[in-house]
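Work through the exercises below with the sequence and the 3D structure side by side. Each one sets a task and then solves it step by step.

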Amino acid sequence: MPVKRRKNEDWHDFHDRCMRSKHWQEIRAEVLRLFDYKCGLNNNLKPSTCLGVLDVHHRTYDRLGDEDIFDLIPLCRHHHEAFHAELNEEKSKPKKRKVKRAKKAGVFGWF
Ligand SMILES: [Zn+2]
Ligand SMILES: [Zn+2]
């Protein structure tokens, strides 16, 4: 069952509630299965640079609480952290480049 944001609910409280919901457990498991329990940035052609547990990253929070499977991507902890660090670093730079690089990585959000 989708999680709906309550009136005047703090975004972080809502996010917390979503992360504890049955919907999240289910869609998270489905995303991991779809990607064969591999990091979305895993490159089969090169020795893997993936490290750590798999997180499920939101490409967009547009449907938080009622995510579509394509809103999410599994990322290993290493790539997840590297990805967020890069986005933070690029926040002050021109938008065009950020979007281009994010597109290249196949990941669009920063959460
Ligand atoms: Zn990885
Ligand atoms: Zn993330």
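The exercises go from the whole chain to its strands, its core, its helices and a few single residues.

This is a predicted model, in which local features need pLDDT of at least 70 and side-chain atom pairs count only at pLDDT 80 or more, while totals for chains, interfaces and linings use all residues. Residues are numbered from 1 along each chain as its sequence is written, and chains are lettered from A and ligands numbered from 1 in the order in which they are written.

**Exercise 1. The whole chain**

Find how many helices and strands the chain has, and state how confident the predictor is.

Solution. Begin with the elements, where helices (H or I, at least four residues) and strands (E, at least two) are DSSP runs numbered from the N terminus. The chain has four helices and two strands, and along the sequence they follow the pattern α-α-β-β-α-α. Next take pLDDT, the predictor's confidence in each residue, from 0 to 100: its mean over the chain is 85, and 81% of the residues reach 70 or more. Among the elements, H1 has the highest mean pLDDT, 97, whereas helix H4 (residues 95–105) has the lowest, 55.

**Exercise 2. The two strands**

Determine which way E1 and E2 run relative to each other, and decide whether the residues of E2 are buried or exposed.

Solution. Two strands pair if DSSP finds at least two bridges between them; here five bridges join E1 (residues 54–58) to E2, and the strands run antiparallel. Within this pairing, Val56 stands opposite Pro74. For burial, count the other C-beta atoms, placed from the backbone, within 10 Å of a residue's own: 20 or more make it buried, 12 or fewer exposed, and a count in between partly exposed. By this count, five of the five residues of E2 (residues 72–76) are buried. In a regular strand the side chains alternate between the two faces of the sheet. In E2 both faces are covered, with Leu72, Pro74 and Cys76 on one side and Ile73 and Leu75 on the other.

**Exercise 3. The largest nonpolar core**

List the residues of the largest nonpolar core, and find which element supplies the largest share.

Solution. A nonpolar core is a set of buried Ala, Val, Leu, Ile, Met, Phe, Trp, Tyr and Cys residues joined through C-beta atoms within 7 Å. The largest one has ten residues, namely Val31, Cys39, Leu41, Leu54, Val56, Leu72, Ile73, Leu75, Cys76 and Phe83. E1 and E2 each supply at least two of them, and the largest share, four residues, comes from E2. Across the chain of 111 residues, 18% count as buried.

**Exercise 4. Helices H2 and H3**

Compare the span of each helix with the expected one, and locate the buried residues of H3.

Solution. The expected span is 1.5 Å times one less than the number of residues. H2 (residues 22–34), with 13 residues, reaches 18 Å from its first C-alpha to its last, close to the 18 Å expected. For H3 (residues 77–90), with 14 residues, the expected span is 20 Å, and its end C-alpha atoms are 20 Å apart, which agrees. In H3, His79, His80 and Phe83 are buried. Seen down the axis, the buried residues of H3 fall within an arc of 105° (taken over the directions from the helix axis to the C-beta atoms), so they line one face of the helix. The face turned away from this buried side carries the exposed residues Ala85, Asn88 and Glu89.

**Exercise 5. Single residues**

Describe the phi angles of Asn8 and Asp36, and then find how far His57 is from His80 in space.

Solution. Most residues other than glycine have a negative phi, and most peptide bonds are trans. Asn8, in the segment before helix H1 (11–19), has a positive phi of about 65° although it is not a glycine; Asn8 counts as exposed because it has 5 C-beta neighbours inside 10 Å. Asp36, in the loop between H2 and E1, also is not a glycine and has a positive phi of about 60°. With 8 other C-beta atoms within 10 Å, Asp36 is exposed. Turning to E1, where His57 is found, His57 is buried, with 23 other C-beta atoms within 10 Å. His57 and His80 are 23 residues apart in sequence and 7.4 Å apart in space, C-alpha to C-alpha.
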